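Thanks, everyone, for making time this morning. I would like to walk through one model, moving from a single helix outwards, and I will try to keep each statement to what the coordinates support.

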Amino acid sequence: MRTETGHLLTGFRGSVAGVRADRLMAILLLLQQREQVTAAEVARELEISERTARRDLDALGMAGVPVYSVQGRGGGWRLVGGARTDLSGLTASEARALFLVAGPASTATPAVKAALRKLRQALPEPFRVQAEAAASSLVMDPQRWGSSRVEPRPPRFLDELQDAVIRGVQVRLGYVDRDRAETERTVHPLGIVAKGPSWYLVATTGTGRRTFRIDRVSSVDPTADPVHRPADFDLAESWREIADEVERKRTPLEARATCAPHGIGVLRMGFGARLEVGGATTDGRIEVVIRGNDEFILAGELAGLVEWIEVTGPAGVRDHLASIGNALVERYG
C-alpha cells in the first residue's frame, strides 16, 4: 500500500491545526523505518512528552495517514499494511516542507533536525539523493541588508528554481537587471538563499559563479542537462562569502581603532558584520576595524563608545569625532 506524499502534506497543513508538520513527518518516517513505534520511543527521539507524542500519533490518523494502534504488551503504533510514502513524486514545495526541516534554513528544534537527518539516511535510493539535495538547497539569512529582521515572501519562480536545484538540472533563465535590461542565459543552479525579504539564486554561469535576485527572474525553462556542481561546494559557506563581499562594497570606509578587551562584546552587538577584530597590542588592547560609508555618520556611531575605543584613523573620522566632542562640551559643559 502506498500513500502519496502530496496528499499527506496537504493533510498536515489543512487538517491538523496547531501541530507542527515537521514533527508529524518525523513520526511518519520513524514508522516507516521501524514498522512499529511506541509513544515513549517517539517522545525520546523528538524530545517531547509522551502525551504530546500520543496526540501527534492520533493527528497522523486525522490527516489521512493509515496508522493504527496495537493494544497490550508489545503494542504501539503501526502503518496499515506497511504503507510507504512515494518520495519520487515530490514537488519543490513538498520537498521544502519535508526535508528542509533537517537543513540550515530550518527553525525546527535540534532534536527534530537530528531525527530527520538520521531517517534520511534510511531512505531507499534514489529517494535519498533527492532528499539530501532538498535539505541543502536553501539558506535563510533573516537580516535585511543594513536593517532589521523581516519575514521573506516567496517570489514567482521560487518553486521552479528550487526544483531545478533539487533535480540537479540546468535552466535557461530570463533575467531583468537593475537597469531593466532583459537577458537570457543558461545557468547551473546550486542553491537558494532568502536574505531578509529578498530571495537569491546562487548559480554557476559561463562567466563564473553569480547570484540572481529571484524577483527579477522573468522566465525559467528547465533543460535535461545535468548541473556541474563543484565537489566542494557548500551553499552556506558560499553565501557567507557573497554576503561579506556585498557588505564590503556597501561600507567601503574603514575606521581603525583599539578597544579595551571588555568592550569587544559591545562593539559586536552594535556593528555586527561591520566589525573586524584583530590581534592584541603591546598594552593589551585589541585592534579593530569598523566599516561604514560616511565619515561623519561613522564618527557619530563611534562617539558614544569613547569609554572602550580609541580611533586611530582615518584623519577625517578623528576630526569629526573632535567636532562632535566640542559640540557636546559647548552644549552640556
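Let me begin with helix α10, residues 264-271, in what I should say at once is a predicted model. Which residues of α10 are buried? They are Ile264, Leu267 and Phe271, and because they cover an arc of only 60° around the axis, they come to lie on the same side of α10. In general, an α-helix has 3.6 residues a turn, so residues three or four places apart point the same way. On the face of α10 that is turned away from this buried side, we find the exposed residues Met269 and Gly270.

What, then, covers the buried residues of α10? The covering elements include the strands β12 (253-259), β13 (275-280), β14 (286-292) and β15 (309-313), together with helix α11 (295-303). Directly following α10 comes Gly272, and its phi is positive, near 55°.

The strands I have just named bring us to the sheet. Four strands make up an open sheet, with antiparallel pairing, in the order β13-β14-β12-β15. The edges are taken by β13 and β15, each of which has a single partner strand, so that one side of each is left without a neighbour in the sheet. If direction is ignored, neighbouring strands of this sheet are turned against each other by 30° on average. Within the sheet, β12 and β14 run antiparallel and are joined by seven bridges, and Arg256 has Val289 in β14 as its bridge partner.

Helix α12, residues 315-332, packs on the sheet, where it touches β12 and β15, and its direction makes about 135° with that of β15. One residue of α12 that I would like to pick out is Ile324, which is buried, with a relative accessible area of 18%; the cut-off for buried is under 20%. Once residues up to four places away in sequence are set aside, Ile324 touches Ala299, Gly300 and Ala303. For the pair Ile324 and Ala299, which are 25 residues apart along the chain, the C-alpha atoms are separated by 8.2 Å.

Returning to the sheet, strand β14 also holds Arg291. Is Arg291 buried or exposed? Arg291 is buried, with a relative accessible area of 4%, and its side chain is joined to that of Thr251 by a polar contact of 3.2 Å. Leaving aside neighbours within four places in sequence, the residues in contact with Arg291 include Glu247, Arg248, Glu254 and Glu276 among the charged side chains we might wish to look at on screen, as well as Leu253, Ala273 and Leu298.

Finally, let me turn to another run of strands, β7 to β9. Strand β7, residues 169-176, runs antiparallel to strand β8, residues 182-195, and six bridges join the two; Tyr175 stands opposite Thr183 in β8. The hairpin of β7 and β8 has five residues between the strands, and in this hairpin Arg180 takes a positive phi near 70°. Strand β8 pairs in turn with strand β9, residues 198-205, again in the antiparallel sense, over seven bridges, and here Ile192 stands opposite Leu201 in β9. Between β8 and β9, which form a hairpin, there are two residues, and Gly196 in the turn has a positive phi of about 60°.

Methods: Residues numbered from 1 in each chain as written. Predicted model: local features only at pLDDT ≥ 70, side-chain atom pairs only at ≥ 80, totals over all residues. Heavy atoms only, no water. Buried < 20%, exposed > 50% of the residue type's maximum accessible area, 1.4 Å probe, protein only. Arc of directions from axis to C-beta. Contact = heavy atoms within 4.5 Å. Pairing = 2+ DSSP bridges. Axes fitted to C-alpha atoms, helices over the stretch in contact; angles between N-to-C directions. Polar contact = N/O pair within 3.5 Å; in protein donor to acceptor, adjacent residues only side chain to side chain.
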